[in-house]
Amino acid sequence: MSAAICPQCGGPAVESPAVDIAPAWGPAPAWSHEDGSALCPVVGPNGYEPAQPEFVG
């Protein structure tokens, strides 16, 4: 079975909405770090956004 990680910091990622995203920023991302924070930021088409998880193993 593969594990989900944050591609920026390498920490574990869980399929649970991030709790540190303000509603004005749009919907919370579906994946977060284990502490509920959004995955580390990456530059996307609209500026900085939370990374998508990578699957290892």
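Biologist: How many aromatic pairs does the chain have?

Modeller: This is a predicted model, in which local features need pLDDT of at least 70, side-chain atom pairs count only at pLDDT 80 or more, and totals for chains, interfaces and linings use all residues. Residues are numbered from 1 along each chain as its sequence is written, and side-chain values use heavy atoms, with hydrogens and water left out. Rings of Phe, Tyr and Trp (its six-membered ring) pair if their centres lie within 6.5 Å. By this rule the count is one aromatic pair.

Biologist: Are the rings of tryptophan 31 and phenylalanine 55 stacked or edge-to-face?

Modeller: Planes under 30 degrees apart count as stacked, over 60 as edge-to-face and the rest as tilted. Here the ring centres of tryptophan 31 and phenylalanine 55 are 5.7 Å apart and the planes stand at 80°, so the pair is edge-to-face.

Biologist: Which strand holds phenylalanine 55?

Modeller: Strands are DSSP runs of E, at least two residues long, numbered from the N terminus. The pair links distant parts of the chain, 24 residues apart. Tryptophan 31 sits in the loop between strand S2 (13-14) and S3, while phenylalanine 55 belongs to strand S6 (residues 54-56).

Biologist: Nice. Is tryptophan 31 buried or exposed?

Modeller: Buried means under 20% relative accessible area, exposed over 50%, and partly exposed in between (1.4 Å probe, protein chains only). Its partner phenylalanine 55, at 52%, is exposed. Tryptophan 31 has a relative accessible area of 17%, so this residue is buried.

Biologist: On to the cysteines: how many disulfides are there?

Modeller: A disulfide is a covalent bond between the sulfur atoms of two cysteines. The rule asks for a pair of cysteine sulfur atoms within 2.5 Å. The count comes to zero disulfides.

Biologist: Why is cysteine 40 too far for a bond?

Modeller: For comparison, cysteine 9 is in no disulfide, with the nearest cysteine sulfur, that of cysteine 6, 3.8 Å away. For cysteine 40, the closest cysteine sulfur is also in cysteine 6. That sulfur is too far for a bond because the distance is 3.7 Å.

Biologist: Which backbone oxygen lies 3.0 Å from a polar atom of the side chain of histidine 33?

Modeller: Histidine 33 lies in strand S3 (residues 32-33) and is buried, at 12% relative accessible area. Not counting residues up to four places away in sequence, histidine 33 touches residues including Cys6, Cys9, Cys40 and Ala38, where contact means heavy atoms within 4.5 Å. The oxygen in question is that of alanine 38.

Note on methods:
Helix = DSSP H or I, 4+ residues; strand = E, 2+ residues; numbered from the N terminus. Polar contact = N/O pair within 3.5 Å; in protein donor to acceptor, adjacent residues only side chain to side chain.
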